[in-house]
Amino acid sequence: LPACRDSRLFIKDLHFDGVPVRIYLPREPSASKRRGVIFFHGGCGIFGSISKRLKEKIICRYIATKSDSVVVSVGYHLAPEHKYPTQTLECLTATVHFLKTAETYGVDPARIIVCGDSVGGTYTASVCQELGHRTDIPKIRGQVLIYPFLQALNFNLPSHQKNAAVAFLSRERTVHFILKYLNKDCSLKKPILAGSHVPESINLKYRKWLNPDLIPDVFKLGYKPPPPTLFLPQVHEEVQELFEPWFSPLLAEDAAVCPLPDTCIVTCEHDVLRDEGLLYKKRLEDNNVRVTWHHVEKGFH
């Protein structure tokens, strides 16, 4: 589909170092440089498009007009045709390009935020972790994570139990999409749901960050700790990607978390991923990152 027409915006399809992007620029002249917003759409890394997905077009146009910002929507190539971590790398490439060339589009390079929903929140977290220590480009001013996916070790958190059968993104479908994204055999779904892909040593290592005890009691009503599960080494070997911080940003070391910019996290009550946002919020706060949190009590993924 061609770029949408909008009397308030110039909308152009471009490429940033080979990565397709759609840029939304307010038509009204500005007395000073504008803010910039880099947007990564959701869709589990296997769905969605900057040109074909109406939701993304509406969101980007809304942000551009309501905040008088220049918005860049990144059209990363989809899995499984384009293997992981192509998607993360393309989001990173487009972000670096925009940070370096922001003034070309009338944007103040010191006022650029990165945001995304669902797996777009994953890419946002990964990009900000990757660029936190860079000194050759402007610093990202903030990150917005909208019901992000942040870890693939534990699928038995309170929100997974509570929302296991919620429409659109059930607990089972979450793992199904992960396996599709990584081009893995879907027979691995059952052992991953049970946690059989995680050796005890890794569970112990990440317990300080990935633990139901860290979730506020108000979100644990009816929660039952899962029974012990049998570790399956063959499953572990098949899904090594799940343990990488690019795939599970919640598992990043403190050195990658400390330099993160101001953060806004949005969680929804009826969402299997709710608790990942809560756990990441605590991690950031423990590392003195300023966090604004919005929880939508009647919201869903």
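**View A. W293 at the end of an aromatic pair.** W293 is partly exposed, with a relative accessible area of 32% (under 20% counts as buried, over 50% as exposed and the range between as partly exposed, using a 1.4 Å probe and protein chains only). This is a predicted model, so local features are given at pLDDT of at least 70 and side-chain atom pairs at 80 or more, while totals for chains, interfaces and linings use all residues. Residues are numbered from 1 along each chain as its sequence is written, and side-chain values use heavy atoms, without hydrogens and water. The partner to look for is F219, a buried residue at 10% relative accessible area. Their geometry comes after a first look at another pair.

**View B. Two edge-to-face pairs that join distant stretches of chain.** Aromatic rings (Phe, Tyr and the six-membered ring of Trp) pair when their centres lie within 6.5 Å; planes under 30 degrees apart are stacked, over 60 edge-to-face, and the rest tilted. Searching the whole structure turns up 11 aromatic pairs. In the F47 and F177 pair, the ring centres are 5.5 Å apart and the planes meet at 85°, so the contact is edge-to-face. The two residues are 130 apart in the chain: F47 belongs to the loop between β3 and α1 (54-67), F177 to helix α5 (residues 171-181). Helices (H or I, at least four residues) and strands (E, at least two) are DSSP runs, numbered from the N terminus. F47 is partly exposed at 40% relative accessibility, whereas F177 is buried at 15%. Back to F219 and W293: with ring centres 6.2 Å apart and planes at 70°, this pair is edge-to-face as well. F219 sits in the loop between α7 (200-206) and α8 (233-238) and W293 in strand β8 (residues 291-300), so the contact ties together parts 74 residues apart in sequence. Elsewhere, Y84, F149, Y181 and F247 gather into one aromatic cluster.

**View C. Strand β3 between two parallel neighbours.** Strand β3 covers residues 34-40, and six of its seven residues are buried, so the rest of the structure largely encloses this strand. Strands count as paired here when DSSP finds at least two bridges between them. With strand β5 (residues 107-117), β3 shares six bridges and runs parallel. Six bridges also connect β3 with strand β4 (residues 69-74), again in parallel. A handy residue for finding your way is F39: C115 stands opposite F39 in β5, and S73 is the bridge partner of F39 in β4.

**View D. Strand β7 and the strands beside it.** Strand β7 (residues 262-270) is mostly covered, with seven of its nine residues buried. Five bridges pair β7 with strand β6 (residues 142-146) in the parallel sense; along this pairing, I146 has V266 in β7 as its bridge partner. The pairing of β7 with β8 is parallel too, over seven bridges. Here you can spot T263 opposite V291 in β8.

**View E. K298, an exposed residue of β8.** K298 lies in strand β8. Its relative accessible area is 78%, so K298 is exposed. For a sense of scale, try stepping from K298 to R34: they are 264 residues apart in sequence, and their C-alpha atoms are 34 Å apart in space.

**View F. Two cis peptide bonds in one loop, and two positive phi angles.** Most residues other than glycine have a negative phi, and most peptide bonds are trans. The A79 to P80 peptide bond is cis, its omega near 0°, and P80 is placed in the loop between β4 and α2 (86-101). Y84 and P85 are also joined by a cis bond, with omega of about 10°; P85 is likewise found in the loop between β4 and α2. Turning to phi, D68 is not a glycine but has a positive value of about 50°. D68 is in the loop between α1 and β4 and is partly exposed, at 34% relative accessibility. N183, again not a glycine, has a positive phi of about 60°. N183 belongs to the loop between α5 and α6, and its 54% relative accessibility makes N183 exposed.
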